[in-house]
Amino acid sequence: MTLPWWRDAVIYQVYLRSFADGDGDGIGDLAGLRSRLDYLVELGVDGIRLSPCYPSPQHDHGYDIADHTGIDPDYGDFEEFDDLLAKAHARGLKVVMDLVPNHCSSRHPWFQEALAAGPGSVERERFLFRDGRGADGSLPPNNWRTQFGDPAWTRVTEPDGCSGQWYLHMFDAGQPDFNWRHPDVSTMFDGILRFWFDRGIDGFHVSTAHGLYKHSSLPDWNGDFFNSYAWNQPEVHEIYRHWRCIIDEYRPERELALVGDLSVPTMIDLASYLRQDELPQGCYGDLLEQPWNPDQFRFSIDRAFAGISPTGATITWVLANHDVHRAVTRYGIIRHQGYHGSLDPVIGLIRPRGPVDVSLGERRARAAALLLFALPGSQYVYQGEELGLPEVLDIPDEARQDPAWFRSGALDPGRDGCRVPLPWSGKEADYGFSHGKSAFSPWLPQPEWFAKYTVEEQWEEETSTLSLYRNALRQRRKVFRPENDRITWLDVEGRHDVLAFRRGDVVCVVLFGDAPLFLPREWGSVMLTSVPMTRDRWLPNNSAAWLWTHTPSRSTSATRFREGWNARRQ
Ligand code: GLC
């Protein structure tokens, strides 16, 4: 039996607005992406995840959707979309789109109708409108806060011109949450799923998949960072059981992907979404919250195997995305500077503040990439990580766009710095982002130092991060077999700064520390290293290697190495 393609696919996450601009307006689009498909083929990925390209006022750059079955004119039209899809498929690339079911845009016709229809109307039932508290209703219905840290309710002006009800939005005020207890909502999403599947896409990445339902009585919460009345409600599983039936309708001809973006408190919670009749895949975001520390990486990896493997799902590994600081910057932080105020501590991990040693971060991010691609399962690679781009930390305040920055009063550095348009070539102002057609500047300013990170600069350069990614992806296909879905840790005596594991015939070793490591001969011959080795079999600081052993050697007590199943540290 052939296994579904998505179980071990490498998916490249395209943040469309910043990938490539086909029409010279400074905003990435479908035509730009289409023109760069060969780059993705050469890179060696299996498919793309496309960030929302639906009509949107762009308050949260497309995650505020005004029409789920349209294309935003900034990005193109259906002709371009269909052409992109056909050309991607012709090159063997799958296309997975982002689905955003927790909320829509305040410009969505349903929300506009709800505003116009007034309190008590059927139209308001599709959202979470409530009267305010206090004598004049001027206090929000409960004390919930958004993911950006500010109050989650906004008061509307009623059709008669008076201040009126409040509506719930767990993100920006331009993103009203749906009321999933209303049958119209699930009926609409059934139609949305079928619309895109019938158009030919290969699956959906479900954004904030642990959201959707809210506790029916919307009670005050206790102030913990995870609001367990707003997220992870038991009713949400019913939706995924139903969507699973929808994707199954397309089998066996098409194996559609349905991967949840899940941020839940425990592994038991995560596994509950991956039950046999629910989501086939769920992103494992824990690893991207880990600092450059071998114990924390190992614990996180073990946790994923222990929690996810029993469900039968493969693990969907993620080391970066459009919501977190780039890996180079996260791993290059020399000293974490804490946040003041009431921000969720996770933000300190994914968007840390502090001085950064970029070249150290680059070495570490390259090592982390080799680790990522050696792990069994599927991997999501965020655009620009293959170029080793650091986070752009000094975007001028007047150029910033991210609601996470505005709504936190600039406490949270926000996500603009990982969304700066990609540098493709040359030294001109837009580094080839607009294919030399740029009548407008890129929508976020690119720093001068982008010149040394362009695709053009790195393509032929053997030691570039881009070449490393290409090599690693090519080798990954050759040497890792999906059926080798477990890893065996190899402990190196006396070295607590090393993570090494065997998967099938390959050993992957990551050196987190500064002292070089002699690569034991039992591990086989060196196949790939994240930075060049200057001495035979000596792995330099903060780097990684893959070694190949045709006949895996058994370790004995006489060796300095000890094998242990990954569950050992659980
Ligand atoms: C998801 C997206 C994020 C967006 C949020 C609200 O978490 O990854 O970028 O802001 O949903 O839609």
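This report describes the ligand site, a buried serine, a small sheet and some backbone features of a predicted model.

**Ligand site**

The ligand is surrounded by Asp60, Tyr63, His103, Phe171, Gln175, Ser207, Thr208, His322, Asp323, Arg415 and Arg419. Sorted by class, this shell comprises 2 nonpolar, 5 polar and 4 charged residues. Polar side-chain atoms of three residues, listed below, approach oxygen atoms of the ligand.

| Residue | Distance from a polar side-chain atom to a ligand oxygen atom |
|---|---|
| Asp323 | 2.5 Å |
| His103 | 2.9 Å |
| Thr208 | 3.5 Å |

On its own, the ligand has 300 Å² of accessible area, and the protein covers 93% of it.

Thr208, one of the residues around the ligand, is found in the loop between β7 (203-206) and α6. Thr208 counts as buried because its relative accessibility is 9%, under the 20% cut-off. Its backbone has a positive phi of about 45°, although Thr208 is not a glycine.

**Ser105**

Ser105 belongs to the loop that lies between β3 (94-99) and α4 (109-117). With a relative accessibility of 0%, Ser105 is classed as buried. Its side chain reaches the backbone nitrogen of Arg107 at a distance of 2.8 Å. When neighbours within four places in sequence are left aside, Ser105 is in contact with Pro57, Asp64, Ile65, Ala66, Phe111, Gly174 and Pro176.

**A sheet of three strands**

An open sheet contains 3 strands in the order β4-β6-β5, and their pairing is antiparallel. The edge positions are taken by β4 (129-130) and β5 (153-157); each has a single partner strand, so one side of each has no neighbour in the sheet. Between β5 and β6 (residues 163-168), the antiparallel pairing extends over 4 bridges. Arg155 stands opposite Trp166 in β6.

**Backbone features**

Most residues other than glycine have a negative phi, and most peptide bonds are trans. Besides Thr208, with its positive phi, Gln58 also has a positive phi, of about 65°, and is not a glycine. Gln58 is located in the loop between β2 (47-50) and α3 (78-90). Its relative accessible area is 12%, so Gln58 is buried by the criterion of under 20%.

The peptide bond from Arg251 to Pro252 is cis, with omega near 0°. Pro252 lies in the loop between α6 (236-249) and β8 (257-260).

Technical notes. Residues are numbered from 1 along each chain as its sequence is written. This is a predicted model: local features need pLDDT of at least 70, side-chain atom pairs count only at pLDDT 80 or more; totals for chains, interfaces and linings use all residues. Side-chain values use heavy atoms; hydrogens and water are left out. A residue is near a molecule or strand if one of its heavy atoms lies within 4 Å of it. A polar contact is a pair of N or O atoms within 3.5 Å; within protein, one must be able to donate a hydrogen and the other to accept it, and residues adjacent in sequence count only if both atoms are side-chain atoms. Accessible areas come from the Shrake-Rupley method with a 1.4 Å probe; for residues, only the protein chains shown count as cover. Ala, Val, Leu, Ile, Met, Phe, Trp, Tyr, Cys and Pro count as nonpolar, Asp, Glu, Lys and Arg as charged, and the others, Gly among them, as polar. Helices (H or I, at least four residues) and strands (E, at least two) are DSSP runs, numbered from the N terminus. Buried means under 20% relative accessible area, exposed over 50%, partly exposed in between (1.4 Å probe, protein chains only). Contact means heavy atoms within 4.5 Å. Two strands pair if DSSP finds at least two bridges between them.
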